[in-house]
Amino acid sequence: MAFIRKRRLERELYSKERFSLLLLNLEEYYFEQHTANHIINKGCRDERKFRGSLKICSKSIIFEPDDNIQPIIKIPLRDCISIKAPEDNEANNPFTRDTSGGISVVCNQVFLIKERNIIAPYKTVRGRTEHLFQLDVAGKLGDVVQTLHQLYRASCLDKMGDQAAMITAILQSRLARTSFDKNRFQSISETLHMECKAEMVTPLVTNPGHVCVTDANLYFQPLNGYPKPVVQITLQNVRRIYKRRHGLMPLGLEVFCTENDLCSDIYLKFYNYQDRDELYFLIATYIENHITEHTAESYMLQWQRGHISNYQYLLHLNNLADRSCNDLSQYPVFPWIIADYSSSVLDLTKPATFRDLSKPIGALNKERLDRLLTRYQEMPEPKFMYGSHYSSPGYVLFYLVRVAPEYMLCLQNGKFDHADRMFNSLAETWKNCLDGATDFKELIPEFYENDSSFLVNSLKLDLGKRQGGKMVEDVELPPWASGPDDFLQKSQEALESQYVSEHLHEWIDLVFGYKQKGSEAVAAHNVFHPLTYEGGVDLNSITDPNEKVALLTQILEFGQTPKQLFTIPHPRRIIPKLKSLSRTSSHSVSIAESPVSPNEESFEDLTEESITLAWNNIAKLKLDEQYKIHKEAITGIAVTCNGSSVFTTSQDSTLKMFSKESKTIQRSVSFSNMALSSCLILPGDTTVISSSWDNHIYFYSIAFGRQQDILMGHDDAVSKICWHDGRLYSASWDSTVKVWHCVPGETLSNKKHHFELLAELEHDVSVNTIDLNAANTILASGTKEGTISLWDVTTATVLHQLPCHSGTLFDAAFSPDSRHLLSAGEDCCFKVIDVQTGMLISSVTTDEPQRCFKWDGNTILSGSQSGELLIWDLLGGKIIERIKGHTGAVMSMWINEQCNSVITGGEDKQIMFWKLQY
């Protein structure tokens, strides 16, 4: 629970201080502090003097007594009647005697805060009062009074925009007169790269100062020296960095020194995007590869394949969508998952236990939705369905008030909400989200973490009394939870349950995806106020400062919609096959339809286990044998079922049959003087088919050692062939993939094959490679211009087409489960496509082109342009192992069914036999 953990750490660090920036108003700055005495009833018998610290802020004067029993005094500048330092020659001067450095503040309203060091609503003292402050350093008196007069004039301006403009001018003047103190560098040998002005952002407050970047560290020096003189981050420790939208402007930057934590190490807001972008570039250059490793698509692939949990995936999406625990108007948003808050036992096997994740909160109750839609239809443009958002500062603090009461007091001008509107009960809150006319809030990450303190009033706060006379204490939990920790445990189990895993993509579509905006949002009943969306308003185009301040205040308090991460439907999660059929799923249907005997099932399990074991140890691949058998590069490899004979094709125009037992070439056949591009063996090991650059496809009888047939099927070179169940699929540089039905000839006669053209899949440019999925229902084709097309084989129609690579696409292959397609191209990239949606979900950059590969969905074994075999961790986007191989490019690769034996063919005219050595 990052927010709570951070608050706890702050309390430990600054436990001696009662003052915090949360005592300021929203959009207020803390400028400076002076040690002083606060004198009450000067010159009277009951005169009292309290020592403490006088804080000069942009909209108020705050005095923090050293004595914790005494309250902090906050005097709003707008409520001041006079602020002066009386002249020494005044007869009635209360400072003439032992009061050098004195300031008199006369006001008609004062707030008393944290009396007896108890967090409680502020006490308001109305009526004319005078406060005398005696500074320890009398020489600063003139400057302090001058500053207060400036700020007082700003507070007296009628319009908020004019106030903000004047305060900003004062702030920028102060920043311009100061610079970063280079004596704060960790080392005298550090080289300065950049210095600029910025503000450090924490929830509800910003703190101006100077940012400095060296070759080793990032520094922030607050103008006011609070909470400490310098914040320092070692660049070597930085793991992630994100550009942020802050106040609807692209001015934020958030830096993380952890991989998975929700809260950052520093969040900075700059005064112009050029400074932000320059600092981002400097840090990003230092931590290379962070961009490729941390995209929505790379996290999606990890989530789909079960490498990260639902919780972790939602955290990453929130991070990428500008959600930050430092910005309560863009706090991370999590879904309501559980819909049952009345049962004594939580049954996670029942769909009725769960909320419908395909609908926004506002659409879960049909009666309420009908009323909202009626209003929507009658509304003038711009229309919206919901008058409040699903995430806002008020909603975040509604949930967290018991652990972050000072934030609630800051947001609500020193008051807690009415007791009956507090977060009193899970069941009540869920019911109100379903039935309330204006309540559409979702949850926050804390509901799926391990710290239950936000559900317990451990600070013994006086949060008020409800209508029935009951005090607001701990949150009332559902009957199925034995306590706060048990509630969180069951909530986590619900979030990671199979039902949620199968449906979470639907909620992602609403909040981060294609149903967030436009016609899809309207159809999904997911339309919020236009000002909440990124790009909904251009603040730079608004010249009236008052209008700009009012608009910004409205948006920040109302909440903001996350940045849109996906514009097409989000893929489903891949749910592992279950051994039992206790839960209904797509897998249980397929198991039920294809019953197998226990022996067969265990054999399949053993095969799967052996394949998994092989891929887990693929880095231990060792060269067993190598033979130079061709005069040019080897383009295709096919092996008989028993593994005894290896057929290869080459650019030297020959098809060769190599015996593994005798280690000799037993056949060498040339069909024409043109290069052969690929080969395959038909079931039964009786026929080899080879494709040629002479536009033809050749059928060769192994048994009779002769050419059996020719298919003259294309108008340019045939680049790749596939076979399944009597159908031949041929790709060609003539920009087509053709599907043929082949009826074999009678082996003992001269009768030829009969070829029937079933379909012609047309492309714009030459097709370089093809692959069939495991069910042989989808064909992937890759072109010389780098485009991938996915075709429905049964209807000969294109399902998806997207430009993946710049330049020739060398190889493409489906994952074993057919959920993803991996491709490698001339542009030195691996690309992963989700087959269901056609979405490009991952991209890994390589040092050189990878010419061919095999993969298991997670790990890639590839043959490189230089001849090395490379083993890749696809999800991590990194090389696990480099294995020295050919002296030229690896042109072709074969792997056996158990995945423990590999054959490669190279530009160096050799075939190499590789074995796994555990």
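Is R882 buried, exposed or partly exposed, and what is its relative accessibility? R882 is partly exposed, at 39% relative accessibility. Buried means under 20% relative accessible area, exposed over 50%, and partly exposed in between (1.4 Å probe, protein chains only).

This is a predicted model, in which local features need pLDDT of at least 70, side-chain atom pairs count only at pLDDT 80 or more, and totals for chains, interfaces and linings use all residues. Residues are numbered from 1 along each chain as its sequence is written, and side-chain values use heavy atoms, with hydrogens and water left out.

**Salt bridges**

The structure holds 26 salt bridges. Each is a side-chain nitrogen of Lys or Arg within 4 Å of a carboxyl oxygen of Asp or Glu. Three pairs are listed here.

| Pair | Closest N and O atoms |
|---|---|
| E442 and R355 | 2.9 Å |
| R421 and D417 | 3.0 Å |
| R882 and E868 | 2.9 Å |

R882 lies in strand β39 (residues 878-883), while E868 sits in the loop between β37 (859-864) and β38 (869-873), so their salt bridge ties together parts 14 residues apart in sequence. Helices (H or I, at least four residues) and strands (E, at least two) are DSSP runs, numbered from the N terminus. E868 is partly exposed, with a relative accessible area of 22%.

The E442 and R355 pair links distant parts of the chain, 87 residues apart. E442 is in the loop between α11 (426-435) and α12 (484-495). R355 is in the loop between α7 (310-320) and α8 (366-378). Both residues are buried.

R421 is exposed, at 54% relative accessible area. Its partner D417 is partly exposed, at 23%.

A network of salt bridges links R244, R245, E254, D322, E534 and K563.
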